[in-house]
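Please open the structure in your viewer and keep the sequence beside it, with residue selection switched on. The tour below goes from stop to stop, saying what to select and what can be found there.

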Amino acid sequence: MQVFNAGRMEKKFIEHIAAGHCRIAFGKNEVQEKLLRLDSAAIADSAGAGECSGECSGTGADECSAAETRVEILCGAGSQAHLLFELGAKSELGAKSELGAKSELGTEAALGAQRGAPKTRMEVKLERGALLRLDVVQETSLQLVVHLEGDSTLYFGSFSVGGSLIENDYEIDFDAPHSEAHLGGVYITSGTERFSTNVNVNHNHGDTLSNQLFKGILSGSSVARFQGRITVLKDAQKTKAYQANNNLLISPDARAYTRPHLVINADDVQCSHGATVGSLSQDELFYMRSRGISLQEAQLLQQQAFVHEVTDRLLTAESQEIILPLLEDALRNRL
């Protein structure tokens with residue numbers, strides 16, 4: 001497997017626009033076969049460097065606490081790319097987050113610290129026939145705006161294993177027929193953490209497909225909120241749109257609120273939405289324990305099976321080698 005940090009990416013991919021703003025571009029019919037791993041942690045630490053080193057130079061320390069980091073991703077017609085982006089305070093995937101540590105910070109102090117962390121805005125455009133795989137491991141909030149032209153395909157997955165306050169906002173626009181967006185994510189929360197996801201998918205043209213699957217595992221007194229909206233315009237016939245949000249509550253004080261929503265103005269479509277909030281299956285736990293598996297391992301196996309539906313659907317083998325150990329570590333040590 002070839003995984004490259006952004007700092008070693010060829011300069012042709014990344015252009016520094018301004019402090020806290022960079023552009024990643026793939027040219028027409030350009031196929032980037034290597035998994036490109038980008039690290040946004042240095043954005044808040046850098047002080048407006050003169051050029052983008054691949055870690056997207058950022059604002060000064062006094063400004064970045066409130067500033068929005070902006071990353072543009074442009075996939076030219078017929079191009080193919082795979083990006084893995086880390087949003088968090090640590091520069092290496094797998095490093096423990098102080099905000100996400102199992103030892104709980106006071107609620108007000110933790111939320112205040114997280115509100116001071118930089119947020120990231122990603123603006124993605126896929127031109128005709130482009131394919132983009134975008135994986136995000138996050139400890140801070142993400143705003144994602146995507147525009148898909150005809151015959152383009154997006155695979156997007158977000159994976160959160162810590163962060164006192166994360167507020168995600170995703171806006172997906174189909175700007176031409178025959179395009180697809182496969183979206184999903186896994187969030188694992190504990191302590192007093194707060195996690196929210198707001199998804200708006202706009203089928204502005206027909207013969208388009210969107211498929212969403214977001215799953216959460218919550219413990220402690222953590223709270224997760226999901227709000228999803230699929231809009232199908234009057235002339236967007238032959239649209240296929242699916243949305244699901246499923247949550248497992250590991251402790252009695254954890255809470256999950258979910259509200260999927262469909263707005264359909266066309267009559268020749270296939271659309272569905274669903275949401276669940278439940279707990280581990282006692283029957284499955286009993287079955288595994290009767291075969292000599294400890295309670296802790298039985299719970300872990302059931303939780304892994306729960307999240308693997310998302311990872312199997314969205315991640316390549318290369319991404320799974322990086323992200324699955326992070327999820328397993330969070331399930332073992334944070335819940």
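In which loop is asparagine 29 found? Select asparagine 29 in this predicted model, and you will find the residue in the loop between strand E3 (21–26) and strand E4 (35–39). Asparagine 29 is exposed, with a relative accessible area of 52%, and its phi is near 60°, a positive value in a residue other than glycine.

**The whole chain**

Now zoom out to the chain, which has 6 helices and 18 strands and in which buried residues make up 52% of the 335 residues. If you display contacts between residues at least 6 apart in sequence, 77% of them join residues at least 24 apart.

Colouring by confidence is a sensible next step, since the mean pLDDT of the chain is 85 and 79% of its residues reach 70 or more. Select residues 42–66, where the pLDDT is below 50, although this stretch has 52 contacts in the model beyond near neighbours in sequence. Then select residues 93–110, over which pLDDT likewise stays under 50 and for which the model has 35 contacts beyond four places in sequence. Where pLDDT is low, the predicted coordinates should not be read in detail.

**The nine-stranded sheet**

Next, select the strands of the open sheet, 9 in number, which follow the order E2-E3-E5-E7-E9-E11-E13-E15-E17 with mixed pairing. Strand E2 (14–18) and strand E17 (255–264) stand at the edges, and because each has a single partner strand, one side of each is left without a neighbour in the sheet. Neighbouring strands of this sheet are turned by 10° against each other on average, direction ignored.

Within this sheet, pick out strand E11 (residues 165–174) and strand E13 (residues 194–203), which run parallel and are joined by 10 bridges. To follow the pairing residue by residue, select isoleucine 166 and look across to phenylalanine 195 in E13, which stands opposite.

**From E8 through E10 and E12 to E14 and E16**

Move on to strand E8 (residues 131–138), which pairs with E10 in the parallel sense over 8 bridges; here valine 136 stands opposite serine 158 in E10. Strand E10 (residues 153–160) has 8 of its 8 residues buried, so the strand is largely enclosed by the rest of the structure. With side chains shown, Thr153, Tyr155, Gly157 and Phe159 point one way from E10, while Leu154, Phe156, Ser158 and Ser160 point the other way, and all are buried.

From E10, step across to E12, which runs parallel to E10 and is joined to that strand by 8 bridges; in E12, histidine 182 is the bridge partner of tyrosine 155. Strand E12 (residues 180–189) is in turn joined to E14 by 10 bridges, again with the two strands running parallel, and tyrosine 187 stands opposite glycine 216 in E14.

Is strand E14 mostly covered or left open? Select residues 209–218, and you will see a strand that is mostly covered, with 10 of its 10 residues buried. One side carries Leu209, Asn211, Leu213, Lys215 and Ile217, and the other carries Ser210, Gln212, Phe214, Gly216 and Leu218, so that both faces of E14 are covered.

The next strand to select is E16 (residues 240–249), which pairs with E14 in the parallel sense over 10 bridges. Keep glycine 216 highlighted here, since its bridge partner in E16 is asparagine 247.

Select lysine 238 as well, in the loop between strand E15 (223–232) and E16. Lysine 238 has a positive phi of about 65° although it is not a glycine, and at 47% relative accessibility this lysine counts as partly exposed.

**Helix H5**

For the last stop, select helix H5 (residues 295–314), where leucine 301 has its place. At 1.5 Å a residue, the 20 residues of H5 should span 28 Å, which agrees with the 29 Å between its end C-alpha atoms. There is nevertheless a kink of about 35° in H5, centred on valine 307. Buried residues in H5 include Ala298, Leu300, Phe306 and Val310, whereas leucine 301 is partly exposed, with a relative accessible area of 38%.

Leaving aside residues up to four places away in sequence, leucine 301 touches Met288 and Ile293. Finally, draw a distance from leucine 301 to leucine 285, which lie 16 residues apart in sequence and 9.3 Å apart in space, C-alpha to C-alpha.

Conventions: Residues are numbered from 1 along each chain as its sequence is written. This is a predicted model: local features need pLDDT of at least 70, side-chain atom pairs count only at pLDDT 80 or more; totals for chains, interfaces and linings use all residues. Side-chain values use heavy atoms; hydrogens and water are left out. Two strands pair if DSSP finds at least two bridges between them. Helices (H or I, at least four residues) and strands (E, at least two) are DSSP runs, numbered from the N terminus. Axes are lines fitted to C-alpha atoms, for helices over the stretch in contact, and angles run from 0 to 180 degrees between N-to-C directions. pLDDT is the predictor's confidence in each residue, from 0 to 100. Contact means heavy atoms within 4.5 Å. Buried means under 20% relative accessible area, exposed over 50%, partly exposed in between (1.4 Å probe, protein chains only). The expected span of a helix is 1.5 Å times one less than its number of residues. The bend at a residue is the angle between axes fitted to the seven residues ending there and the seven starting there.
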